[in-house]
Amino acid sequence: MKEKIVIGMSGGVDSSAAAWLLMEQGYEVVGVTMKMFDCDKNVGDSAVADAKAVCEKLGIEHAALDFTGTFKKNVIDYFMDEYRHGRTPNPCIVCNRTMKWEALLDYAQQIGADKIATGHYAHILKLPNGRYTLRRSEEGKDQTYVLYRLTQDQLARTVMPVGGYPKSKIREIAADIGLKVADKPDSQDICFLPDGNYQKFLEENGAWGMGPGNFVTKDGTVIGRHKGITHYTIGQRKGLNLAMGRPVFVTEIRQETNEVVIGDHDELMKDTLIAGGLNWMSVESLKEPMRVRAKIRYAHQGAPATIQMDSEDTVRVTFDEPQRAITPGQSVVFYDGDIIAGGGFIIS
């Protein structure tokens with residue numbers, strides 16, 4: 001009897017090709033599309049329709065499941081609360097662990113499957129110490145950064161069949177087997193912000209924090225008025241409407257006083273950060289200082305650093321060279337070569 005596996009299918013080319021690759025590996029594949037947010041019924045319906053059409057083409061079972069209630073609680077409420085507190089969240093990272101993996105694993109258990117699969121570009125490794133971790137995809141696209149919060153149990157029960165392929169090959173596979181989604185564009189936006197306008201979303205959902213306040217310099221000198229802290233992020237230059245006679249940037253957001261601190265580019269450069277909410281992968285915990293390549297946002301290339309415990313549940317990251325716009329609310333992920341040692345949320 002074939003081993004049953006559940007794959008999360010978004011209607012995109014990656015998960016569609018992944019389903020076919022799993023069939024080639026001998027699995028009995030069940031496709032699942034999760035409805036997370038009713039922001040645009042047409043977008044949601046088209047994703048379900050595309051995924052269902054792929055499953056019909058491949059001759060596999062498909063299920064569409066509604067998780068809008070738990071998505072609001074686990075992801076949207078978190079997203080709004082982070083902005084209210086002057087932080088800049090990455091909701092996809094929280095969604096992966098608390099929604100996609102948990103929901104898929106729960107459903108898999110219900111239908112008698114032990115494993116789940118996704119179309120992410122990453123490799124899962126089991127190390128000699130018995131720990132599971134992620135290794136970077138070596139073929140260009142790499143999504144390990146957004147997956148660093150996965151638990152050991154989640155990693156142990158997951159398969160990622162596209163991790164060893166370049167994106168171009170995945171599109172080629174999809175075209176060769178006649179999938180209409182072969183040329184479907186990649187999704188670039190947060191799923192519940194299809195227009196990318198997070199300020200509008202926060203306003204409509206009552207997450208504006210304390211409203212307008214002061215732009216200040218580092219020493220507290222008032223230099224203007226801002227629209228509300230949710231409009232700004234560390235490193236921002238555009239949209240400040242300040243006549244300073246030189247380029248200036250947001251260097252700090254002080255939620256407790258509703259102030260946005262403005263400074264020169266040099267003030268954006270920092271060599272130290274503190275991270276909490278830690279999740280370890282290749283190591284069970286951090287016993288002593290460790291050399292890593294630390295990545296502070298998805299588009300960041302990563303930089304050499306030393307990590308060491310700062311308290312019982314926070315890590316101090318000291319970079320060899322200052323990094324630009326280290327942003328509270330974003331994640332820092334620690335790479336030991338090509339594998340993830342761990343990571344956490346940037347506190348300060």
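Two strands count as paired when DSSP finds at least two bridges between them. Keep that in mind for the first stop. The model is predicted.

**Stop 1: the hairpin**

Select residues 213-216, strand 8, and residues 222-226, strand 9. The two strands run antiparallel, joined by four bridges. Asn214 is the residue that faces Arg225 of strand 9. Now show the turn of this hairpin. Five residues sit between the strands, and Gly220 has a positive phi near 95°.

**Stop 2: the open sheet**

Next, colour the five strands that form an open sheet, ordered 3-2-1-4-7. Their pairing is parallel. At the edges are strand 3 (61-66) and strand 7 (158-159), each with a pairing on one side only. Zoom in on strand 4, residues 115-117. Strand 4 pairs with strand 7 in the parallel sense, over two bridges. Here Ala117 is opposite Val159 of strand 7.

Which strands does helix 4 touch on the sheet? Helix 4 packs against strand 1, strand 2, strand 3, strand 4 and strand 7, and its direction makes about 130° with that of strand 2. Then add helix 1, residues 13-24. Helix 1 lies across strand 1 (4-8), strand 2 (28-35), strand 4 and strand 7. Helix 1 runs at about 170° to strand 1.

**Stop 3: along helix 4**

Select residues 91-110. Helix 4 has 20 residues and spans 27 Å from first C-alpha to last, close to the expected 28 Å. Where is the kink in helix 4 centred? Look at Arg97: the kink there is about 30°. Show side chains next. Buried residues of helix 4 include Pro91, Ile93, Val94, Cys95, Met99, Trp101, Leu104, Leu105 and Tyr107. Step just past the end of the helix to Gly112, where phi is positive, about 80°.

**Stop 4: the cysteines**

Stay with helix 4 and show sulfur atoms. How many disulfides does the structure hold? Zero. The cut-off for a disulfide is a pair of cysteine sulfur atoms within 2.5 Å. Start at Cys92. The closest cysteine sulfur to that of Cys92 belongs to Cys191, and at 6.8 Å it is too far for a bond. Cys92 is partly exposed, with 36% relative accessible area. Move to Cys191. The closest cysteine sulfur to that of Cys191 is in Cys95, 6.1 Å away, again too far for a bond. Cys191 is partly exposed too, at 45% relative accessible area, whereas Cys95 is buried.

**Stop 5: Tyr83**

Go to helix 3, residues 68-84, and pick Tyr83. Is Tyr83 buried or exposed? Tyr83 counts as buried because its relative accessibility is 7%, and the limit for buried is under 20%. Leave out neighbours within four places in sequence, and the contacts of Tyr83 are Thr88, Pro89, Tyr198, Leu202, Ile229 and Thr230. For a distance check, pick the C-alpha atoms of Tyr83 and Leu155. They are separated by 30 Å, with these positions 72 residues apart along the chain count.

**Stop 6: Thr327**

Finish in the loop between strand 15 (315-324) and strand 16 (331-336), where Thr327 is found. Thr327 counts as buried, at 6% relative accessibility. What does Thr327 touch, not counting residues up to four places away in sequence? Select Thr88, Thr233, Ile234, Arg297 and Ile346. Keep Thr88 on display: Thr88 is in contact with Tyr83 and also touches Thr327.

Methods:
Residues are numbered from 1 along each chain as its sequence is written. This is a predicted model: local features need pLDDT of at least 70, side-chain atom pairs count only at pLDDT 80 or more; totals for chains, interfaces and linings use all residues. Side-chain values use heavy atoms; hydrogens and water are left out. The expected span of a helix is 1.5 Å times one less than its number of residues. The bend at a residue is the angle between axes fitted to the seven residues ending there and the seven starting there. Buried means under 20% relative accessible area, exposed over 50%, partly exposed in between (1.4 Å probe, protein chains only). Contact means heavy atoms within 4.5 Å. Axes are lines fitted to C-alpha atoms, for helices over the stretch in contact, and angles run from 0 to 180 degrees between N-to-C directions.
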